[in-house]
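Here is a short briefing for a first look at this protein. Keep the sequence and the 3D view side by side as you read.

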Amino acid sequence: MDGKLQNANVERISNFNWYRDVCKRFFDFVFSLIGILLLAVPMLIIAIVIKIDSPKEQILFRQKRVGKNNHEFTIYKFRSMRQDAPHEMATKNFENPEAYITPVGKFIRKASLDELPQLFNVFKGEMSIVGPRPLIPNEGKVLKLRAEYRANKILPGITGLAQVHGRDEITDENKAAYDGKYALNMSMLLDIIIIFKTVFDVMHSRGIHEGKK
């Protein structure tokens, strides 16, 4: 990124933004609470099905992820893989992900239902509903790219601009660029567009790719 442009971007992100710094957190808190209450029964059903499918394994998958200002936090997801799957590795880097994904896991991943527990991360203030997807600490290349675009200065999200522009089908460089674009242009309208586009993509299973290309 050009030095002058990067400095201008740093200043824009550093300046007070009413929506980003006040309203967005309020909306995240309210809508994550509503989501948790409305989806409590479906999440309970998913948890029971996972337990029936794998009685000896855990229901939730917990993993360290990198959040705002590179602070690490524990992300929550419904477990969709066997316990012996590589833990500190992004699924996109698996040589043979199908060997680890459980039958139930295949369905909930395709429908993105494994992401529902992240509503608790949003409620706690560790994530936002919309923002860059949180990375694993050892994804150094993408973390560096995000830092260049200043996308590490905002809360990560359940969905984001990169997710609705290809998700697993675009390069790390393009993902970081989209995350940086979102950080610079964050607004209520953009968040609403991303949420509706996410629902459309999930319904059509767009952008999902397991393992290395």
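Arg 146 and Asp 179 are both buried. Their side chains meet in a salt bridge, with N and O 2.8 Å apart. Arg 146 belongs to helix α6 (residues 140–148) and Asp 179 to helix α7 (residues 172–185), so the pair ties together parts that are 33 residues apart in sequence. The model shown here is predicted.

**Overall layout**

- The protein is built from 8 helices and 4 strands.
- Starting at the N terminus, the order of elements is α-α-α-β-β-α-α-β-α-β-α-α.
- The protein has 213 residues, and 42% of them count as buried.

**Other salt bridges**

- The whole structure holds 10 salt bridges.
- Side chains of opposite charge can pair when their charged atoms come close.
- Asp 114 and Lys 77 form one such bridge, and their closest N and O atoms are 3.7 Å apart.
- Asp 114 sits in the loop between α4 and α5, while Lys 77 sits in strand β2 (residues 72–78), so this pair ties together parts that are 37 residues apart in sequence.
- Both partners, Asp 114 and Lys 77, are buried.
- The pair is also part of a salt-bridge network, which links Lys 77, Asp 114, Glu 115 and Arg 133.
- Arg 20 and Asp 21 supply another bridge, with their side chains meeting at 3.0 Å, N to O.
- Are Arg 20 and Asp 21 buried or exposed?
- Arg 20 has a relative accessibility of 15%, so it counts as buried.
- Asp 21 has a relative accessible area of 37%, so it is partly exposed.

**Helix α2**

- Helix α2 covers residues 18–38, and Leu 37 lies in it.
- What span should the 21 residues of α2 have?
- At 1.5 Å a residue they should span 30 Å, and the end C-alpha atoms are 29 Å apart, so the two values agree.
- The helix does bend, by about 35° at Lys 24.
- Lys 24 is itself a residue of α2.
- Its relative accessibility is 7%, so Lys 24 counts as buried.
- The side chain of Lys 24 makes a polar contact of 3.2 Å with the side chain of Ser 128.
- Lys 24 is one of several buried residues in α2; the others are Tyr 19, Arg 20, Cys 23, Asp 28, Ser 32, Gly 35 and Ile 36.
- An α-helix has 3.6 residues a turn, so residues three or four places apart point the same way.

**A nonpolar patch on the surface**

- Which residues form a nonpolar patch on the surface?
- Phe 29, Leu 33 and Leu 37 do, and together they have about 280 Å² of accessible area.
- Leu 37 has a relative accessible area of 62%; the cut-off for exposed is over 50%, so Leu 37 is exposed.

**Far apart in sequence: three pairs**

- Leu 116 is placed in the loop between α4 (103–110) and α5 (118–124).
- Its relative accessible area is 17%; buried means under 20%, so Leu 116 is buried.
- Leu 116 and Pro 42 are 74 residues apart in sequence, and their C-alpha atoms are 9.8 Å apart in space.
- Val 104 is found in helix α4.
- Val 104 has a relative accessibility of 17%, so it counts as buried.
- Between Val 104 and Asp 53 the C-alpha distance is 7.1 Å, although 51 residues separate them in sequence.
- Val 164 is in the loop between β4 (157–159) and α7.
- Val 164 counts as buried, because its relative accessibility is 9%.
- Val 164 and Val 199 are 35 residues apart in sequence and 9.6 Å apart from C-alpha to C-alpha.

**To take away**

- The salt bridge of Arg 146 and Asp 179 ties helix α6 to helix α7.
- The salt bridge of Asp 114 and Lys 77 ties the loop between α4 and α5 to strand β2.
- Helix α2 has buried residues, including Lys 24 and Ile 36, and it also holds Leu 37, which is exposed.

Notes
Residues numbered from 1 in each chain as written. Predicted model: local features only at pLDDT ≥ 70, side-chain atom pairs only at ≥ 80, totals over all residues. Heavy atoms only, no water. Patch = residues over 30% accessible without salt bridge, like charges linked within 9 Å, V, L, I, M, F, W, Y side chains within 5 Å. Areas by Shrake-Rupley, 256 points an atom, 1.4 Å probe, with all protein chains shown as cover. Salt bridge = Lys/Arg side-chain N within 4 Å of Asp/Glu carboxyl O. Helix = DSSP H or I, 4+ residues; strand = E, 2+ residues; numbered from the N terminus. Buried < 20%, exposed > 50% of the residue type's maximum accessible area, 1.4 Å probe, protein only. Expected span 1.5 Å × (residues − 1). Bend = angle between axes of the 7 residues up to and from the residue. Polar contact = N/O pair within 3.5 Å; in protein donor to acceptor, adjacent residues only side chain to side chain.
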